[in-house]
Amino acid sequence: MIQTAVVEQLIRTGRSFQLVFLIASGIAVYYAYNVAKGGKLWDIRPIEALDAIGESIGRCAEMGRPVLVTPGISSMTSSSGGAQMLAGLTVLGEVAQQAASIGVECTTNSSNQQIIIASEAIMRNALTAAGKPELYAPGKYVRWFGGGQFSYAVGCAGQILEEKPGLIIFMGYFLADTIVTGETGARVGAIKIGGTLGAIPFLAMMCDYLMIGEEMFAASALITKDPFITGTIASQDWIKVAATAVMSIGVILYAVGIKTIYTIMGI
Amino acid sequence: MGATLTYVRLNLSRVLIIVGALAALGTWYFSVPMVDSVFKEVNAWQINISSFTLFTGLMTISMRYIRAIQRRDSDIWPFQAYALVLIIVWVLMGLTVGMYSDTYQTAYLSTKITLHIAILGQIIFYFTSGAYRTFRIRTLRTAALAISAVLIVALNAPWVQNPFPAASNFAMWLLNNPQMAASRTVVITGGIGSIVLGIRVILGLEKGAQRITEGE
């Protein structure tokens, strides 16, 4: 009895279910990773936008044009955009390495100064991993346009007009800035690939390929083509099924007047 | 020495990520004063480092613009020189009169807000151009998309809404039912995806952003 009271005091009210869900998710990811390490290859649905990235980098090499990867306008610590930004930065590292390995220049930008520092490190590591560390120079591949949404939009549009990239990847947190940058990308004939959560309608209008919902988070794992990391995507599906089951059962029970799941979830 | 440095850099970044992430998670879920104080400390460091990155960002942009102005091989170098002068003017003004003074705030708002409104005004042209490409009717699916888009526009246009209230009602139904269901699916799956991404980062499986290579 006393132990229960102590636990109730330790865990913040209404967050027990979230904690259990997070721990279960962690176990599922770790289990899937270890199963993959044991030799099992998971069958993952191909994402068209990801396949297009490789083809488009090749197109850039043929046309002699650079690649632009933009992780958006969020900071790393933002609760709404931090995770999307992280997914964008991971894709930036892989794309920059793939591009450098076939002699294509990859540039990036952001409106947040934290991201600029991270992007510089990612670009340096990507070029080193591609076997071309001598190509790296601070400020050569990473652009910063100040902290505002529209100063970023104008700066990024200017960069697109100046560099005329053959491929633009919008992967991260965006707002109305994508309308300006995406349309400018269309003007220079770039292939545009997008992935975000909030500004999906804008990206859907502007982009040739779009990653919807979880796809952008899976993309950062799938693009590495590492079978172990790809295994964690399988666990994402298990968690999705579990969440859907809890929601469905909760809705049915609530409809018949039983509020057990509603109460457990702390709503 | 190189290998040792690489090892330290790799593991230091991982340790920092794990401590920062666990402190943030801990303070969200648990009511433990020690965890709260660790999070406050980590957050204070984060704020300090963020302030310093602003200076680094300024240095990066200045170096790039100065190089471009020296070379003058692009048509845009006068704009870069203008931007550089403005950066210096704003920094000097902030240092002398202070960021919260009436002078600074008046100058800031009268330029920033004006420029933002100018861009907002231009967005409609970008929208129209983008919509022209997106909503061209080619197949049954694109026809459904275009008709839905027209109905949503009608919802927000009183001169259509008043004479044809049925169009407005149908547009509202589209927003409240299929659109709402789809957008919530995106939010839920996106949330699950971000949880799994976070777990991969904490477990050290997500190496894209912290990939440290040998031989540097």
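This is a chat about a predicted model with chains A and B.

Visitor: Let's start broad. How many helices and strands are there in chain A?

Guide: Chain A has 11 helices and 6 strands. As for its extent, the C-alpha trace spans about 70 × 45 × 35 Å along its principal axes.

Visitor: And what share of its residues counts as buried?

Guide: Of the 267 residues in chain A, 50% count as buried. On the contact side, take the pairs with a separation of 6 or more: 70% of those contacts are between residues 24 or more positions apart.

Visitor: OK, zoom in on β5(A). Is that strand mostly covered or mostly open?

Guide: Mostly covered. β5(A) runs over residues 191–195, and 5 of its 5 residues are buried. That goes for both faces: Ile191(A), Ile193(A) and Gly195(A) are on one side, with Lys192(A) and Gly194(A) on the other.

Visitor: Hang on, there's a lysine in that list. Where does Lys192(A) sit, buried or exposed?

Guide: Buried. Lys192(A) is on the side of β5(A) that also has Gly194(A), and both of these residues are buried.

Visitor: Which strands does β5(A) pair with, then?

Guide: One is β4(A), residues 167–173, which pairs with β5(A) in the parallel sense over 5 bridges. In that pairing, Leu167(A) stands opposite Ile191(A). Between the two strands the chain passes through helix α7, residues 177–187, in a right-handed β-α-β crossover. Another partner is β6(A), residues 209–211, which runs parallel to β5(A) and is joined to it by 3 bridges. There, Tyr209(A) is the bridge partner of Ile193(A).

Visitor: What's the handedness of the unit from β5(A) to β6(A)?

Guide: Right-handed. That β-α-β unit is made of β5(A), helix α8 (residues 200–206) and β6(A).

Visitor: Back to β4(A). How many of its residues are buried?

Guide: 7 of its 7, so to speak of β4(A) as mostly covered is fair. β4(A) also pairs with β1(A), residues 67–72, in the parallel sense over 5 bridges.

Visitor: Where could I see β4(A) linked to both β1(A) and β5(A)?

Guide: Try Phe170(A) in β4(A). Its bridge partner in β1(A) is Thr70(A), and its bridge partner in β5(A) is Gly194(A).

Visitor: Changing topic: which residues touch the most other members in the largest nonpolar core?

Guide: Val67(A), Val95(A) and Ile169(A), in a core of 90 residues. Helix α4(A), residues 82–101, supplies the largest share of that core, with 11 residues. On the general side, nonpolar side chains tend to be buried together in soluble globular proteins.

Visitor: What does Val67(A) contact, leaving aside its neighbours within four places in sequence?

Guide: Its contacts include Ile57(A), Cys60(A), Val95(A), Ala99(A) and Val104(A). Pro165(A), Gly166(A) and Leu167(A) are also among them.

Visitor: Any odd backbone angles? What's going on with phi at Lys164(A)?

Guide: Lys164(A) has a positive phi of about 50°, although it is not a glycine. You'll find Lys164(A) in the loop between α6 (149–163) and β4 of chain A. With 17 other C-beta atoms within 10 Å, Lys164(A) is partly exposed.

Visitor: And Arg72(B), what's its phi?

Guide: Near 55°, again a positive value in a residue other than glycine. Arg72(B) lies in the loop between α2 (33–71) and α3 (77–97) of chain B.

Visitor: Why does Arg72(B) count as exposed?

Guide: Because Arg72(B) has 11 C-beta neighbours inside 10 Å, and the cut-off for exposed is 12 or fewer.

Visitor: While we're on chain B, how is it divided into domains?

Guide: Domain 1 covers 1–70 and domain 2 covers 136–210. Their centres, taken over C-alpha atoms, are 35 Å apart. Between them, 5 residues of domain 1 are in contact with 4 residues of domain 2. The domain 1 side of that contact divides into 3 nonpolar, 1 polar and 1 charged.

Visitor: Last one: how many residues does each chain put into the contact between A and B?

Guide: Chain A gives 62 residues and chain B gives 51. On the chain A side, helix α5(A), residues 113–129, has the largest share, 9 residues. By class, that side has 38 nonpolar, 17 polar and 7 charged residues.

Technical notes. Residues are numbered from 1 along each chain as its sequence is written. Chains are lettered from A and ligands numbered from 1 in the order in which they are written. This is a predicted model: local features need pLDDT of at least 70, side-chain atom pairs count only at pLDDT 80 or more; totals for chains, interfaces and linings use all residues. A residue is buried if 20 or more other C-beta atoms lie within 10 Å of its own, exposed if 12 or fewer, and partly exposed in between; C-beta atoms are placed from the backbone. Helices (H or I, at least four residues) and strands (E, at least two) are DSSP runs, numbered from the N terminus. Two strands pair if DSSP finds at least two bridges between them. A crossover is right-handed if, with the strands pointing away from the viewer, the path from the first strand over the helix to the second runs clockwise. Two residues are in contact if their C-beta atoms, placed from the backbone, lie within 7 Å. Ala, Val, Leu, Ile, Met, Phe, Trp, Tyr, Cys and Pro count as nonpolar, Asp, Glu, Lys and Arg as charged, and the others, Gly among them, as polar. Domain bounds come from an automatic or database domain assignment. A nonpolar core is a set of buried Ala, Val, Leu, Ile, Met, Phe, Trp, Tyr and Cys residues joined through C-beta atoms within 7 Å.
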